[in-house]
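This report looks at one protein chain, starting from a single residue and moving out to the helices. Please have the sequence and the 3D view open while reading.

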Amino acid sequence: MGRRRSGPRRPARSGPRLLGGRHAASARPAPPGPAARFRRAAARFRRPRASAAPAPPRPVVAPPRGGGGARMSGRRVDAKVVLLGQEGVGKSSLVERCAHRRFRPGPYQNTIGAAFVAKVMSVGEQTVTLGIWDTAGSERYEAMSRIYYRGARAAVVCYDLTDSSSFQRAKFWVNELQNCEEGCRIYLCGTKSDLLEEDRRKRGVDFHDVQDYADEIKAELFETSSKTGQCVDELFQKVAEDYVHFTAFQVMTEEKGVDLGQRSGAYFYSCCHH
Ligand SMILES: Nc1nc2c(ncn2[C@@H]2O[C@H](COP(=O)(O)OP(=O)(O)OP(=O)(O)O)[C@@H](O)[C@H]2O)c(=O)[nH]1
């Protein structure tokens, strides 16, 4: 679409403009010579300049650069949180429940790229804004999801409690985070717990197996339902609290002059680093 000019329009001319004054005769343009005619013709076949070309479609949201203290969607974000997991496990529903306190049972729609929500949380006297990135679970977008977990302070790795294959996929994301994003705290989240309330036999992932795994990787474990809201607030509250507590602890130890290089758990320190 062409750009509209702002400001008042000139009145339409009623007839040919008459040049007046002393130089009227000399101001009339001379008929174009062969060189000018060639330039004019060539201009018609010139490619449009880059700036004149139509802008490419925008991604759903621009990937963030930093993990915390960055501005995203016009809001200052303290901690970047990323949701990862197989498609259909309920990541978007979790964000919807957390941010808007609702559940949309309608037809399932894949996330394309990623979606962003800023959630303001209270931790004691403090306010923390979590910048939550909901990634696409489809393996097609795997490379893109990697962009979104960069610099994250926390990752909520989701699996569907009724689907054991989704837990294998969750393990894949945990490995990725452990290898590439040392400073990211991991929260395992078994989703759709309401389906187990309906029928216990639907459970496809054993709670104790996951608990052992969570202990092994030093992760927190939650079983949530976006449909009923079970444990969703608790999950994000824990993310915010950990962010505040570990950041505060780091500030305290830095003030005391502790050599961070001597700590045994690199995971812990980089997690708190701004
Ligand atoms: N019963 C029940 N269904 C859920 C729950 N959470 C999500 N669902 C359903 O599971 C389907 C997938 O949910 P989404 O939130 O779109 O899943 P997703 O992980 O974001 O999927 P991708 O965007 O493809 O990665 C939808 O039909 C949801 O209604 C839940 O807690 N309980």
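Setting aside residues up to four places away in sequence, T224 touches L94, C189, G190, T191, K192, S193, Q230, C231, V232 and L235; a contact means heavy atoms within 4.5 Å. T224 sits in the loop between β8 (220-223) and α8 (232-255). Helices (H or I, at least four residues) and strands (E, at least two) are DSSP runs, numbered from the N terminus.

The model is predicted: local features need pLDDT of at least 70 and side-chain atom pairs count only at pLDDT 80 or more, while totals for chains, interfaces and linings use all residues. Residues are numbered from 1 along each chain as its sequence is written, and side-chain values use heavy atoms, with hydrogens and water left out.

**The whole chain**

The protein has 9 helices and 8 strands. Of its 274 residues, 40% count as buried; buried means under 20% relative accessible area, exposed over 50%, and partly exposed in between (1.4 Å probe, protein chains only). Among contacts with a separation of 6 or more, 70% are between residues 24 or more positions apart.

**Three buried residues**

| Residue | Place | Relative accessible area |
|---|---|---|
| T224 | loop between β8 and α8 | 0% |
| Y159 | strand β6 | 0% |
| L94 | helix α3 (residues 91-100) | 0% |

Which residues does L94 touch, not counting residues up to four places away in sequence? They are L83, V156, C158, C189, T224, S226, V232, L235 and F236. L94 and K227 are 133 residues apart in sequence, and their C-alpha atoms are 8.8 Å apart in space.

Y159, leaving aside neighbours within four places in sequence, is in contact with V89, S166, F167, A170, L188, C189, G190, T191, V205, V210 and L221. The C-alpha atoms of Y159 and E234 are separated by 17 Å, with their positions 75 residues apart along the chain.

**Helix α5**

Helix α5 (residues 164-180) has 17 residues and reaches 25 Å from its first C-alpha to its last. This is close to the expected 24 Å at 1.5 Å a residue, where the expected span is 1.5 Å times one less than the number of residues. Its buried residues are S166, F167, R169, A170, W173, V174, E176 and L177. They cover an arc of only 165° around the axis, so they are on the same side of α5; the arc is that of the directions from the helix axis to the C-beta atoms. An α-helix has 3.6 residues a turn, so residues three or four places apart point the same way. The buried residues of α5 pack against β3 (79-85), α4 (142-149), β6 (154-160), β7 (185-191) and α7 (207-217).

The axes of α5 and α7 come within 12 Å and cross at roughly 5°. That makes α5 roughly parallel to α7, a label for angles under 35 degrees. Axes are lines fitted to C-alpha atoms, for helices over the stretch in contact, and angles run from 0 to 180 degrees between N-to-C directions. The contact is made by F167, K171, V174 and Q178 of α5 and V210, Y213 and I217 of α7.

**Helix α4**

In α4, the buried residues are E142, S145, Y148 and Y149. Seen down the axis, they fall within an arc of 105°, so they line one face of the helix. These residues pack against β3, β4 (114-123), β5 (126-135) and α5. After α4 comes G151, whose phi is positive, near 75°.

Conventions:
Angles under 35 degrees count as roughly parallel, over 145 as roughly antiparallel, 65 to 115 as roughly perpendicular and the rest as oblique.
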